[in-house]
Amino acid sequence: MRLSSFALFFLTAGVYMSSECFHTEIIGGREVQPHSRPFMASIQYRGSHICGGVLIHPQWVLTAAHCYNWFPRGHSPTVVLGAHSLSKNEPTKQTFEIKKFIPFSRSPSGYSSHDIMLIKLHTAAELNKHVKLLQLRSKNYLRDGTKCQVTGWGATNPDQLKSSDTLQEVTVSIISRKRCNSQSYYNRNPVITRDMICAGDAKGQKDSCQGDSGGPLVCKGVFHAIVSGGLKCGIANKPGIYTLLTKKYQSWIKSKLAPSRAK
Ligand code: 4AZ
């Protein structure tokens, strides 16, 4: 039987569309315009991406405290700024050794609480078109359903936890603390505290994933939270869990960045 060109057209279009529609990025997101998120940092260990981070001062990156556990002793991790593709030799990249890690709490009190850490770079970054700061602002009320963007080089396939080569972003919706702690969501395991917030989508098709930790959640242009974790990725009712940049964390950051302090 001869396949008519008409049928062939639909067959080809169908295969193309299904790969386009169902091959997910971050989880369910898309590649950003290169260098359109110039505050993004990639924290790497022996050249492999481990966690995301946000440049908040020329010499300081904000990330998740649990990222520290991924660095075996002996080798020093590095911070890469100005990147889009992790594998390409981009002239916009600036790579830094790390001077010190300052987790909010030295003794992590259970799963995911106080999951925030400052990283001091060995030298200050050169701010330019491709490397910029993301300002911290002291607003932190987020209404249920608010749409936010989460950005990172984390896994794009929940079943194959491999980092993305290019920077990805997805829009997720805020899930109130009450709803996220309810029986049908995390059922208080872990407890979503006042320092945390959940975000996802109803079908679980949009989410952050492994390697996105430490990256930003930006809502209406304001940097509100950082990726902390969650149960696996892309599961409805098990949304991503984020560390909220509450007043408490913002004052802690200010105190650590204050130039008069001995660091
Ligand atoms: C992780 O392991 C991780 N689905 C990050 C985000 C989420 C789960 C795990 C949220 O870094």
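User: Which residues does Asn 181 touch, not counting residues up to four places away in sequence?
Analyst: The model is predicted. Asn 181 lies in helix H2, residues 177–181. Leaving out residues up to four places away in sequence, the residues that Asn 181 touches are Asn 187, Arg 188, Pro 190, Val 191 and Ile 192.

User: How far apart in space are Asn 181 and Ile 192, C-alpha to C-alpha?
Analyst: Asn 181 touches Ile 192. Eleven residues separate Asn 181 and Ile 192 in sequence. In space, C-alpha to C-alpha, the distance is 6.1 Å.

User: Why does Asn 181 count as buried?
Analyst: Buried means under 20% relative accessible area. Asn 181 counts as buried because its relative accessibility is 12%.

User: What percentage of the residues in the protein chain is buried?
Analyst: The protein chain has three helices and 13 strands. The chain holds 263 residues. Buried residues make up 47%.

User: Among contacts between residues at least 6 apart in sequence, what percentage joins residues at least 24 apart?
Analyst: The count covers contacts in the protein chain between residues at least 6 apart in sequence. Of these, the share joining residues at least 24 apart is 69%.

User: In what order do the six strands of the closed barrel run?
Analyst: The barrel is closed, and its pairing is antiparallel. From one strand to the next, the twist averages 45°. The order is E2-E3-E4-E7-E6-E5.

User: Which residue in E4 stands opposite Leu 55?
Analyst: Strand E3 covers residues 48–57, and strand E4 covers residues 60–63. E3 and E4 run antiparallel and are joined by three bridges. Opposite Leu 55 in E4 stands Val 61.

User: Which residues of strand E5 point the other way from Thr 78 and Val 80?
Analyst: Strand E5 spans residues 78–81. Thr 78 and Val 80 point one way, and all four named residues are buried. Pointing the other way are Val 79 and Leu 81.

User: What is the bridge partner of Leu 81 in E6?
Analyst: E5 pairs with strand E2, residues 40–45, in the antiparallel sense over four bridges. There, Ala 41 stands opposite Leu 81. E5 also pairs with E6, again antiparallel over four bridges. In E6, the partner of Leu 81 is Gln 94.

User: At about what angle does helix H3 run to E7?
Analyst: Helix H3 covers residues 247–257. H3 lies across E3, E4, E6 (94–103) and E7 (117–121). Its angle to E7 is about 25°.

User: What is the volume of the largest cavity?
Analyst: Rolling a probe the size of a water molecule over the atoms shows where empty space is left. A search of the whole structure finds one cavity of 30 Å³ or more. The volume of the largest cavity is about 40 Å³.

User: How many residues in the lining of the largest cavity are charged?
Analyst: The lining consists of His 35, Arg 37, Pro 38, Met 40, Gly 82, Ala 83, His 130 and Leu 167. Four of the lining residues are nonpolar and three are polar. The charged count is one.

User: How many residues in the lining of the second largest pocket are charged?
Analyst: About 240 Å³ of space lies in the second largest pocket. Its lining includes Asp 144, Arg 177, Arg 194 and Asp 195. The nonpolar residues number four and the polar ones three. The charged residues number five.

Note on methods: Residues numbered from 1 in each chain as written. Predicted model: local features only at pLDDT ≥ 70, side-chain atom pairs only at ≥ 80, totals over all residues. Heavy atoms only, no water. 1 Å grid on protein atoms, 1.4 Å probe; cavity = no way out; pocket = protein on both sides within 12 Å on 5 of 7 lines; lining within 4 Å. Points joined across faces, edges and corners; volume = space filled by probe spheres on them. Nonpolar A, V, L, I, M, F, W, Y, C, P; charged D, E, K, R; others polar. Pairing = 2+ DSSP bridges. Helix = DSSP H or I, 4+ residues; strand = E, 2+ residues; numbered from the N terminus. Axes fitted to C-alpha atoms, helices over the stretch in contact; angles between N-to-C directions. Contact = heavy atoms within 4.5 Å. Buried < 20%, exposed > 50% of the residue type's maximum accessible area, 1.4 Å probe, protein only.
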